[in-house]
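User: Please take a close look at one part of this model, the hairpin at the start of the chain, and explain how it sits within the rest of the protein.

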Amino acid sequence: MKVEGKCHCGQITYEAIVDPEKVTVCHCTDCQMLSGSAYRASAIDAPTTYSLRVGCLQQRALLPPGKQIWCRSALDWAMNLQDVTRLSRQ
Ligand SMILES: [Zn+2]
């Protein structure tokens, strides 16, 4: 699947081919620190080894994660958001 993305300010843009079956949520502490969040979602681009942060991609809704890794480092609350109040807007 071809995806496009850009950095937050829009000065850097990119496109890549990703396998939607390889979209992964990583709960490791490195990804928590790098993303400033409870986990990081990434889509590995084969055959190269770099990854793209899904949060930057335009096609985020089309790339649901297929697996979670480093779950032993996961924050307890991040593993179950089903009971958290949901608002469609802030
Ligand atoms: Zn990680």
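**The first hairpin and its surroundings**

Analyst: Among contacts in the protein between residues at least 6 apart in sequence, 51% join residues at least 24 apart. This is a predicted model, and its pLDDT averages 84, with 87% of the residues scoring at least 70. The protein contains 1 helix and 6 strands, arranged from the N terminus on as β-β-β-α-β-β-β.

The hairpin itself is formed by β1 and β2, with 6 residues between them. These two strands run antiparallel and are joined by 5 bridges, and one residue pairing can be named, since Val3 has Ala16 in β2 as its bridge partner. In the turn, Gly10 has a positive phi of about 90°. The loop between β1 (2–6) and β2 (13–17) also holds His8, which counts as exposed because it has 8 C-beta neighbours inside 10 Å, where 12 or fewer is the limit for that class. Although His8 and Cys56 are 48 residues apart along the chain, their C-alpha atoms are separated by 7.6 Å.

From the hairpin, Val3 leads into the largest nonpolar core, which has 11 residues in all and also includes Val18, Val23, Val25, Cys26, Cys31, Tyr39, Ala41, Ala43, Leu57 and Leu63. The elements that give two or more residues to this core are β3 (23–26) and β4 (40–44), and β3 supplies the largest share, with 3 residues. In soluble globular proteins, nonpolar side chains tend to be buried together. Over the protein as a whole, buried residues make up 16% of the 90 residues.

For comparison with the glycine in the turn, a positive phi is also found at Trp70, where the value is near 55° in a residue other than glycine. Most residues other than glycine have a negative phi. Trp70 is placed in the segment after β6 (67–69), and Trp70 is partly exposed because 16 other C-beta atoms lie within 10 Å, a count between the limits for exposed and buried, 12 or fewer and 20 or more.

A careful reading should also take account of how confidence varies by element: the mean is lowest in strand β5 (residues 51–53), at 53, and highest in β6, at 95. Where pLDDT is low, the predicted coordinates should not be read in detail.

Key
Residues are numbered from 1 along each chain as its sequence is written. This is a predicted model: local features need pLDDT of at least 70, side-chain atom pairs count only at pLDDT 80 or more; totals for chains, interfaces and linings use all residues. A nonpolar core is a set of buried Ala, Val, Leu, Ile, Met, Phe, Trp, Tyr and Cys residues joined through C-beta atoms within 7 Å. Helices (H or I, at least four residues) and strands (E, at least two) are DSSP runs, numbered from the N terminus. Two residues are in contact if their C-beta atoms, placed from the backbone, lie within 7 Å. pLDDT is the predictor's confidence in each residue, from 0 to 100. Two strands pair if DSSP finds at least two bridges between them.
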